[in-house]
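Subject: Structure handover

Hello,

Here is the structure I said I would pass on. My notes on what was found in it follow below.

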Amino acid sequence: VKVRFCKPNVHSLSLDFVAKMSPTTTVAEVDDSSATSIVESFDQERKKRKVAERRVAKEILLEEAKYDSSKVDDNGKRKDFLSWQDYFMAMAFLTAQRSKDPNTQVGACIVDQENRILSLGYNGF
């Protein structure tokens, strides 16, 4: 079992509004475009960092746990699951393995309309 410890990154942002203003400029004279561009660039960097973190997390999940997150829908449900018919047929095959008859190993799975297993059985010897 591999255990990976991740040290949290400390991100900080310091905005120096005083350096943007000249000594004679007052706060009321500063245009909103420079403040808006600073905020937009910060938002873009944050989005890039989130995308990179998600990519790294997917790679770690795939490498460490053999979990491919691309096989999961956005709502968290898997895409590659067995149909009910395949599931019940697999149950019948598994039940047939209990048969002592070397020639005919037959299994059965009886199901109702609501996909509930009513009974499992196999042939005897």
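A residue counts as buried under 20% relative accessible area, as exposed over 50%, and as partly exposed in between. Please keep in mind that this is a predicted model. With a relative accessible area of 34%, Y87 falls between those two cut-offs and is therefore partly exposed. W84 is also partly exposed, at 46% relative accessibility.

These two residues form one of the aromatic pairs. Searching the whole structure gives three aromatic pairs. In the pair of W84 and Y87, the rings are 6.1 Å apart centre to centre, with 80° between the planes. That arrangement is edge-to-face, because the angle is over 60 degrees. Along the sequence, W84 and Y87 are three residues apart in helix α3, so about one helical turn separates them. Ring pairs also bring in F88: W84, Y87 and F88 are linked into a cluster.

The other residue to look at is T95. Helix α3 covers residues 84-96, and T95 is found in it. Is T95 buried or exposed? T95 has a relative accessible area of 12%, so it is buried, the cut-off being under 20%. A polar atom of the T95 side chain lies 2.7 Å from the backbone oxygen of M91. Leaving aside residues up to four places away in sequence, T95 touches L120, G121 and Y122.

To find these places in the viewer, begin with W84 and Y87 in helix α3, then go on to T95 in that helix.

Regards

Notes:
Residues numbered from 1 in each chain as written. Predicted model: local features only at pLDDT ≥ 70, side-chain atom pairs only at ≥ 80, totals over all residues. Heavy atoms only, no water. Helix = DSSP H or I, 4+ residues; strand = E, 2+ residues; numbered from the N terminus. Buried < 20%, exposed > 50% of the residue type's maximum accessible area, 1.4 Å probe, protein only. Polar contact = N/O pair within 3.5 Å; in protein donor to acceptor, adjacent residues only side chain to side chain. Contact = heavy atoms within 4.5 Å. Phe/Tyr/Trp six-rings, centres within 6.5 Å; stacked < 30°, edge-to-face > 60°.
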